[in-house]
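Trainee: Could you walk me through this one? I'd like to learn how its chain is put together.

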Amino acid sequence: MAAAESTPNAGEYILHHLTFLSNKTPHGIVDFSVINLDSVFFAVLLAVAFGGSFYLAARKATAGVPGKFQNFVELVVEFVDNQVKDSFHGTSKVIAPLALTIFCWVFLFNAMDLLPVDLLPGLARGAGIEHLKVVPSTDINVTFGMSLTVFILIIYYSIKMKGLGGFIKELTLQPFSSKNVAVQALLVPINLLLELVTLFARPVSLALRLFGNLYAGEMIFLLLALLTLSSGFGGLLTVGGWLGVIAQTVLGLLWAIFHILVITLQAFIFMVLTVVYLAMANEHH
Amino acid sequence: MNINLTLIVQMLVFIILIWFTMKFVWPFILGAMEERSKKIAQGLAAADKGEQSLAQARERAEVIVREARERAIQIIDNAQHRANDLVEQAKGAASTEGQRLVAAAQQQIELDSSRARESLRREVAQIAVQAASKLLEREIDPKAHADLISKLATQI
């Protein structure tokens, strides 16, 4: 891409691709004065794409013969609805739309990974924007943003269904319990520790699983892009250059096809686990 | 790679999107789907019902046809009976009429013969009187012997 100027070396190229478009350079691990404009932009764009298209389908939805798009939307909705009904037996009106939102939105996030890694960043650079990360789910803020929202819902439903006392009991009186009060008192901190780890592991694992998968996927695409990085258009004059082009095309294609599975699967896993966690929060033990 | 404001913004966008889906997308699509499945169920039920009523109508029609056939046979039977009756009646009437005519004729004959016998008797009486007068060669005064003659006439 940048062959005309100075060709970056592999480390620079990858680092460049992994840098967010931020309002300023972050200092330290946590810095709430920084915002990743690219992640927010694409997240909102895809939210509008999902919300808008599904809203149009919902507004035109008829009980008669459905059109092609309504058919597609109904397919997705029915799929999500079945998943929710399988694991969640409560009466909440939030869970199913939440699951639909997660599945579609995360899928769209992940699908951005199938765009050529240099397409949008290259265009952006042409427009004077130095950095652009197009896959929101490779931003740990985005995945944690979603999983923490789910976490808040887990806490909310736990307290709503079991009461604050019931929730605290669930955290302290199991998995180890004893009839003897003194022994029980000893067991409470152990239980609390175990249960808190279990509880907090949920949002962390949700966020990190999605982030890790997509980050790794993007990284593979970047590594494949390295095959033709140094040669530029001049590489087409050499045998090695052609080999690089062919290798990148074939491997990139294979990885992209495999990645179709990954992006769908990750969206599905995020949705199903969310539903399962909320179902567990909803149930009495 | 750091945690920053994007996290908070993402949470807000996520919550708004969930709310939007819950409010404007999910109920309408699911509603349409449920309504359609209800419609289909109703259609199937109606088809079943139609089939049932068709079978019932066929049965009813068969019963009606059978009854009609039976009634037709009955009507024909009745008509035949009635015709026979009429013929019988006519026959009876004719025979009684004949008998009556015969009786009348006999009466007439009897009347005629008695009348004839009467006149014959009278004539015989006259002839007897004439014959007697001839025998006696003498005029019998019919007036003087009228009662004798009538007595004679009644004896004959």
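Mentor: Gladly! Helices (H or I, at least four residues) and strands (E, at least two) are DSSP runs, numbered from the N terminus. This is a predicted model, where local features need pLDDT of at least 70, side-chain atom pairs count only at pLDDT 80 or more, and totals for chains, interfaces and linings use all residues. Residues are numbered from 1 along each chain as its sequence is written, and side-chain values use heavy atoms, with hydrogens and water left out.

Trainee: What pattern does chain A follow along the sequence?

Mentor: Chain A has eight helices and one strand. Read from the start, the order is α-β-α-α-α-α-α-α-α.

Trainee: Which helix supplies the largest share of the largest nonpolar core?

Mentor: A nonpolar core is a set of buried (under 20% relative accessible area, 1.4 Å probe, protein chains only) Ala, Val, Leu, Ile, Met, Phe, Trp, Tyr and Cys residues joined through side-chain atoms within 4.5 Å. The largest one has 61 residues. Contributors of at least two residues each include α2 (37–60) of chain A and α1 (5–136) of chain B. The largest share, 11 residues, comes from α4(A).

Trainee: Which residues of chain B does W105(A) touch?

Mentor: W105(A) is among the residues with the most contacts inside that core. Contact means heavy atoms within 4.5 Å. Not counting residues up to four places away in sequence, W105(A) touches A43(A), L46(A), A47(A) and M146(A), and from chain B Q10(B), V13(B), F14(B) and L17(B).

Trainee: How much of chain A is buried?

Mentor: Chain A has 285 residues. Of these, the buried ones make up 41%.

Methods: Chains are lettered from A and ligands numbered from 1 in the order in which they are written. Buried means under 20% relative accessible area, exposed over 50%, partly exposed in between (1.4 Å probe, protein chains only).
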